[in-house]
Structures are given as C-alpha cells and as structure tokens.
Amino acid sequence: MDDVKGALGKGLDEAAAMTEGTAPMDPEKAAKKAAKLAEKAAKKAKAEAKAAKQKAEAEARAKKEAEGGGESKRKKKASGPSEEDAKALESALATPKGEMKDLVHTAMATSYNPQAVEAAWYEWWEKCGMFTPKMGTNKPKFVIVIPPPNVTGALHIGHALTNAIQDTIVRWRRMSGYEALWVPGTDHAGIATQTVVEKKLQREEGVTRHDLGREKFLERVFEWKDVYGGKICNQLRRIGSSMDWSREAFTMDEKLSKAVKEAFVRMHDEGLIYRDNRLVNWSCQLKTAISDIEVDHIELEGPTMLSVPGHKKQVEFGVITSFAYPREDGQGEVVVATTRIETMLGDTAVAVHPEDERYKSLHGKFLVHPFNGRKIPVICDAELVDMEFGTGCVKITPAHDPNDFQTGKRHNLDFINVFNEEGLINEQGGEQFQGMRRFECRVAITEALDKLGLYRGKASNPMRLGLCSRSKDVIEPMLKPQWWVNCAGMAKDACDAARDKRLEILPSFMEPTWFRWLENIRDWCISRQLWWGHRIPAFYVRFSGENDTDSGMPGGSSEQLDRWVIGRDMAEARTVAEKKYPGKEFTLEQDEDVLDTWFSSGLFPFSVFGWPDETPDLAEFYPTSLLETGHDILFFWVARMVMMGMKLTGKVPFKQVYLHAMVRDAHGRKMSKSLGNVIDPLHVIEGIDLAALNATLLGGNLDEKEVKKATQAQKADFPEGIPECGTDAMRFALVSYTAQGRDINLDVLRVVAYRHWCNKLWNATKFAMMNLGDGYVPPTDFNSSFDVKNIPLAAKWVLSRLNAACAGTNAGMEAYDFNNATNSVYAFWQYELCDVFIEIIKPIMSGTDEVAKKQTRDALWICLDAGLRLLHPFMPFVTEELWQRLPRTRDENTPKSIMIADYPIAVDSWANVEAEVQMSAIMDTVKAFRSMKSNYNLQPKARPEVFFSTKSADVEAALKADVEGLTTLASVGEMKQLSEGESAPPGCGVQIVNENITVYMLLKGVVDAATEIAKLDKKLDLLQKSTDALIKKTEDEGYESKVPENVRTANAEKIAKQTEEISSINAARAEFQALL
C-alpha cells in the first residue's frame, strides 16, 4: 500500500511539473493525467517488489536444496562426474598459463563445475592486456585505487566484498566505453605487521626484535611481506579482480617511500608538521602512541572487572576513589576523587573554583603529598572545576590527563611522568611503588593510603573507557615529544569540497558524519615507536663535546625541541643544520620512530602514479574517479586522503566516495578470529571440510582458550564445513547483499544457493543452444535484418523484458544501487528467460513454421548474448565461458572477450507495452491453472482439459495469441473459450483470475473428490485439536504472569499459523465438495 501511495504522490507531482510554465491544465484532465502517471509508477513499484519477492523465494528454494538436496541428487553425486564433465575439467586444467581455453574441441559439460569454468580465464585476460588501459585515447577515464589490504595475513570475506563491488564497477565501466584502470597494492600496516612478526619470532625462536637489532628484524618483516603479499595477490586474482598488475604498488616501495619523504618535508616547511611535547594515546602493550581514531571506547555503567593485557588479575573500572591530602599548615585536609588513583603519584596541584566559599581560605596555600612530601599548591581554575561535583576539589596530573594538561599549561605547573613505556611505575613514582604495573599500583596505593588514614572510600562511577583498537589494552595518556600534523585548515578544505560537490559522499546520509568529524578534528600525532614503517626524515643535532644532559635525549623528557632538522636524506638534513648552526661541529641522529601507517596510505591515490614527479600516469589518471571502501575507515583513511591530496596536489583525489556496509556473520556478529567466524574467500570458492577449517585456527596468534572457543563456533556454524561455491556465486551473493547503509549478515548457504543458480544458467544456456542448432547464424544488424514488429508474441515480449533489464541494471549501477542492479539481471534470467521464454517457445521450435522458428531463435540468441554481457560484471567467469560458446560470425571487429564487449543498454524499438500486456494476461492465466492443479492435488504429468471465459476483446486476443505456449507453460491439455452465456461442463473447478478472466478445469474422472476430502478431514481434525489445546492453555489463569514472554510469543505465532492453515484446508475442502 505504501508503494501505491508513493506512486500516486509521484504521479501528481509529475502531472504538476508537466504543467509548470504552460497554460493551466483543465483540473479534470490534470487529475486523469496524474492518475495515469500514478498507475504507471504503482505498476513499476509492484513489479519491483514482485521481482524481489520471487528472487527471495528462489534463493530460499536453492538454500533448501543446499541444506538437504534430494535422494536422486545424492545418488548422482555418489556416482561421480560424467565422462563429459571429467574431460571438460581435465581440458580446462591442462590449458597452458596465459592461453585461451580450448572450447572448440571440448564438449560442453553436462553440469556447471566452478573449478573447470574458472580455470585459465584470468591468466588469459591478464596476458592479453585486458586489464591495462591504453594511454592517450579519447575515451572517458574511470580510475580507482584499491584500498590496500594489510600484509599481515590473508584476505577475509570483508575484503572479498570490497573487491567484488569494485571489480563489478570497473568491468561495467570498461564495457560501457571507458578507459578503465584499477590500481592494485598492499599496505605495510606498521603496528599490525610488527606485532604479528614479533609474536611469531617469540613463539618459534624465543627472540625479540631487540635481540635481532633493527636491520635484521626488518629483513624478517620483509620476508613475511613477501609470503603474505603474494598470498593476497593470489586471492585477489581468484576473486576475479581485473587489476592492472603492471602498476602494482606497496606502501614501502621506493616510489611510494619517496612520496612519503616529500610529503613530510613539504608539510613541515609549511608549518603543518611540527614537534611538540604533548599528551598522546599510549598503548603500553604495543609500546607506541596511537591516534585518536585508533581508540575504541566502551561505556561502563558502574563497577566492572576487566581483563587487561599484561595483567594476571582482572582490574576494576567504573569506580571513583576518594582520598585526602593533608594541608601543609596542619590545619586539616582536602578530599579529592579520581578514577585513576595510580596517577596521584604525578599530582602537581589541586584546583578549586575561585568563587567557592568553602575553599577561599586555601587560595595560595599548599598541601603535602603523602608518599614523597612534595608541596602541592592549591590553585584557582574556573574553567576546570565544577563546584557542584564531588567535593569541589580536583587533583591535577598534567602529564597523564588531557584536561589536566591544559590546566598545567595555564598555571605553569610541573609535568611529572610516573610511567615508563611498558606501563610500569618509574623512578618519579618513588621507591615504594617503582617497578609495579600501573593497575597493580592502583591497589597498592589504595592500601597504603588506608594505612595512613587518608583513604576515604570508593563509589560507583559510570565512565567511558578508552581501549587500543589493536591490543585492547587500556589507553594511558602519556606525555611524549612527538611529530604532529595541524589538521584544521586541511579539514576545512575537505569540508568545503564536500559542500560544493567537488567530492560526493555516498550514501548521502554519511555526509553529516563527515562534517561532524572534520569540523571537530584535533591535531594528528604521526609518530609511532616502531621499527617497521617509513622512518621519519627528521634528524637530531648533537654538538661536539656535549653529553646527554647538555643535548637532551630525543624522545625523552629532556629533549630540546628546536634541535630537529628535516631532510629527504642525511645530506640534505646536514645542509639545513649547517645553515641553522653556522660554524658549529655536530653529528646527526635520525629519529628512531616511524610514521603512522595512515600517513603513507593518505598519499596512495597519487603516490601510486609517481608523485611528486610529473609522470605521464599522474597526468593521465589523477585525480581518480571513485574511492570505494567500507564506512569503518571513513576517517582512518578517506578523510586523510582528501586532506593530504588537496594540500599536496591541489586537487580532490577522487570525485566520489562510495561507502559500503560491513560484513558480519549469519548471527550479525562482527567477524573476529577469536570467534572463529572469519571466513577466507578461498574457502567459499573452493570449499573446505570442518577438520581443515579447524586447522586454520592453529599456528596463529590465538591462545589455547581462544582456539577452543573458535573451534566450537566453527562446528556450530559449519557442521559439514563450507561447500564449494565458486567465485561467481560468492561475488553475486556479496554484491546482491549490498544495500546502502545496512550491515551484511553473511549466510554462506545463500552463496550456495547462487552456486545452484549458476548451474541453472549453465543448463538453460546449453538447452537454448541446442534449440539454436549447429548451423545457426545470428543476425548481424538487428535494425535491418531483424524486424521486432513482426515476430511471435513471446519473442516481442522477451526482448521488451530484456530492454527493461538493461535499463534497470544500468540505472542501478549508475546509482551504486547494487541490490536493484542484481535484482534486475537476476529477474530477467530467472523469471523471464528461463522460467517463461525457454519453456513457451517449445511448441514453436517443434513446429513446422520455419519463419517463426528463425525469428524465435534470433530472439533467443539476442537474449543469451545480451543477458550474458549484462551479467558479466557480477559473474565474470561463467559468463565468459558461456559467451565464448555462443555461435557468432567473427571478424576483426568481434571482441575477443566478453569483458571488452559492449555493455547492453536499452533499445527504444524493443520496448513493447502491448506485448507485455498480452503476456501478462497469459501469465495470469497460467498461474491460475497451475494453482488449480496444485490445489486439487493433480499429478504433474496430468493434462486436464481447460476453459476460459472473458468479455474483453483484448484479453481474448491475448489468450489466443499463443494458445500452445500458454498450455505448455501451464502443463494443461486443450484450452477452449466459453462463449458469452455458455456454461462450463459439469465437474469443472473454477477460479476467477481477475475482473476480465475466469478459468475452468475439467476434473471429473481426474480427481477422486471424496478421497481428497477424507484426507483433508483427517488433517483438519488433528490441526483443530492442536490449536484448541493451545488456545485453552493461553486462557489459563496466570498465563500472562507466569509464562515467559518468549514462550507466549511463540504460542501466539503458532496459533496464528495453524489458524491460517485451518482456513486454507477449509477452502480446499469446499473446492473438492463442489465436485461431488
């Protein structure tokens, strides 16, 4: 109903729009016009909904087959592949690498086998240069770069979604006349890769990176990269990604590393990169700083025990602890409260509100630290202190809290760091606590305060706790000299680009998030305390004769911030230092730290083309057309690419950003190795049994408990393992799942359903080609040699439906509405070509009208050729295999591959409303006859005599236009028309199709009505008793209060379902009763 309302509204709007600027239309005519437009829109909406429903039903049927199948199928499977199938597989696998598969001397297999179909095509496409665009052509350009996957391991199903979408778009654009380029690459993934390799070294060799030294350790990481980088590229090829491998990039390649150094130097010269001693998000587990957006936050409602990496015991969070500071003058105490009592070791002040009457006598006075005797001033700060909160006194730890840091700056307080990089209490914390882990110290300080009589208790305190997104360690604000990027100006430019549509963010509802983040952006810490990554091109100056105290220690609290010089290499840095310190002797030490991975990734859209050099690639292919990725890295990567691209090249790096949904498991859970639900796309493509699937959990970074949990989860989700689905089925399932803004709950059985659909395509095409015949020659010019106005009705209709599918698929692709695009192409193949056209033409193909046969064959060939091209971007392998087998007249203009053939577009002359109306009447009648056969339990082979009556001349003409086709589709016998006033023969079942058509089926002698009624009565009796008993149970006293809500809901649903079934049985019974 909502669709109809929407269509009606649309109709009125369109009618109004058509009259705007012209003479006023007569109100009655306007209303009629609006009604017609509304009716048209409503029909379209209804058809789309119907197609989606049919698609879902077909998937459900295929899924059911995947789960169980039939006895005959199991027997056939047990007997093994046919000889034809075995030869087809053998021939495919024997194809020399890079050569075209031999389809001329290899018979088409009896059934679809993804292994045989997918063999050899990719290598042939690549060798033929079909992935590489031609330079200097007049074609429009379509350019994308891959979101480079991390080299930390194999790709998972989320990467498969990203690449399936991207390849679908790239193939569609390439076939649509664009010079298409898709640049592949991988990311060095600093923290993630270093962590994995360090764990591997510790587990297998018992050594640390420090044991090896920086150079040897980096050699080991490069070895890891070579292994997994190659594995990732193999996966991308298996997915069918049509990437230009001649332009493959790695973020630490020489070319990209040059771009990183150049970007750092230029941005530093502009004052955008600077050195400062500020608070960072410190991961004690990883021993490095991380950026704000690499911090996950969890909300705690109150006291909560959590496991923290590096700590044996759980730690309590969600509480606030109160303790007292004694006054220096001995005249009492001041009570403060904190959620991180361990930081009190670094307190350098207590703040009160200047207008708080309770503490005016304390202004300018001092308190005494209970453990080290440090004098702690009482300061006044109206900006920080809320008089109404707690005691109105706030402890200040400038080196370990962002708010306190700012307060420390305002009041020129001491900044005392009490933790080392591992999260242990350092010498500043005092001998009593030095060497303790920070959360062990939390307990020790509480106990020590209690002994001193200064502990004042703890209370529940809802809080937001920051965790490292990689290690899940609790983030520790730490004072560190680091390199920072001033993002304010670049963020404004990125916002302006989105507002004036130089950059289009899709789906559009993500725009507010874009603005909200960029308008509130903070400066970005780009230093990382790692070895794996781009070493920062900054050099610390030490003068001759200086000791460490004189020069300061880079990276430590004694660092002198002005001692740094920047250079693309040591020689350039030395030149800068000589100008800065003329006449002085010095040595240079390069910064030990590396840059945040996202710094180099932010340059990716232009560094891959050779920037900063003015290369032909940069001139031809930059800016790019589209950035397609998951919405989870909108800020990690996308925003930074836009900011850095605009700053360094003066151009927005891409015209559009399309953000797809996240892939979750069938239960809606985020995919995680510890949950055992991370899926390798190759396991879906090739299949894997449960034992092998369990084995994939071993040898990684999961501990024994996590492996056990993940193993159990795999057994629950994949009791028989994952069946072989093939690449095409996996791609189509992933892309068709995609609905803008929704998470994708991936059920592998749905992929299996599309694997069965591939088999249907295979069989339908094979059957259709048998109908074409060996000597068939397709029409060369559809406009002159193929008269669409004078061909059989079914041929007119199927070409009209093909036309609609072309329009719908292209419209969906233009809008990145992949759900509607796949619905359009799926509906055409499944419900129109396979279910209707191939069946309805059987009488023509077995008849004697040679002209009708030729016209029907031509229409069939057009549908196969265009239908395969329409489907190719989604399912590249099976479409190439089937398209190459289609008969065609080849010359120098014939595309050698479907992937470089033209993508089908709508052809105005093929649209045929009249044929569609007539076929609609035929199909409604077919459905009515099929329904009657089902309702009366007729055997599938039964061909009862049928009749129809109508008062409409148009309907009569439609039903008589293809009587043989209609009865073939309906699986009925002879069909006769009843003249006006004529009654159907006795013993007929009757069904009203619509206001224009009534159909009858002669059942006398075909159906034993009494026997069928007895069967229904028996079923009805059991069902009625069950329903009555359930209803009686719900009427018991206390049912609502004593029975759990989920049980009551289940009972209500069962009663509704059984009541509906009773109604259906009664209706069927009435129909049989009418036959007695």
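**Figure 1. How the chain splits into domains.** The domain assignment of this predicted model gives five entries: domain 1 (302-461), domain 2 (666-725), domain 3 (743-884), domain 4 (917-1007) and domain 5 (1011-1074). The next views pick out domain 3 and domain 4, whose centres, taken over C-alpha atoms, are 28 Å apart.

**Figure 2. Where domain 3 meets domain 4.** Here eight residues of domain 3 touch 11 residues of domain 4. Put together, the two domains bury about 830 Å² between them, and carbon and sulfur atoms account for 82% of that. On the domain 3 side, look for L793, I840 and P843: these lose the most area to domain 4, and together they make up 63% of what that side buries.

**Figure 3. What the domain 3 side of the contact is built from.** Don't hunt for charge pairs across the interface of domain 3 and domain 4, since the rule finds zero salt bridges there. The search for residue pairs in polar contact, with both at pLDDT 80 or more, also comes back with zero across this interface. Two elements each give two or more residues to the side of domain 3 that touches domain 4, namely α27 (793-814) and α28 (818-840). Of the elements on that side, α28 gives the most, with four residues. Sorted by type, the residues of this side come out as six nonpolar, no polar and two charged.

**Figure 4. An aromatic pair, F217 with W531.** Searching the whole structure turns up 32 aromatic pairs, and this view zooms in on F217 and W531. Their ring centres sit 5.9 Å apart with the planes at 70°, so this pair counts as edge-to-face; the cut-off for that label is over 60 degrees. F217 belongs to helix α10 (residues 214-238), while W531 is in the loop between β21 (527-528) and β22 (538-543), so the pair ties together parts of the chain 314 residues apart in sequence.

**Figure 5. A salt bridge between E592 and R214.** The whole structure holds 67 salt bridges by the search. In the one shown, the side chains of E592 and R214 meet at 2.9 Å, N to O. This pair also links distant parts of the chain: E592 is in the loop between β24 (586-590) and β25 (594-595), R214 is in helix α10, and the two positions lie 378 residues apart in sequence numbering. Helix α10 comes up in the previous view too, as the home of F217.

Definitions and conventions:
Residues are numbered from 1 along each chain as its sequence is written. Side-chain values use heavy atoms; hydrogens and water are left out. Domain bounds come from an automatic or database domain assignment. Contact means heavy atoms within 4.5 Å. Buried area is the accessible area (1.4 Å probe) that two parts lose on being put together, summed over both. A salt bridge is a side-chain nitrogen of Lys or Arg within 4 Å of a carboxyl oxygen of Asp or Glu. A polar contact is a pair of N or O atoms within 3.5 Å; within protein, one must be able to donate a hydrogen and the other to accept it, and residues adjacent in sequence count only if both atoms are side-chain atoms. Ala, Val, Leu, Ile, Met, Phe, Trp, Tyr, Cys and Pro count as nonpolar, Asp, Glu, Lys and Arg as charged, and the others, Gly among them, as polar. Rings of Phe, Tyr and Trp (its six-membered ring) pair if their centres lie within 6.5 Å; planes under 30 degrees apart count as stacked, over 60 as edge-to-face and the rest as tilted.
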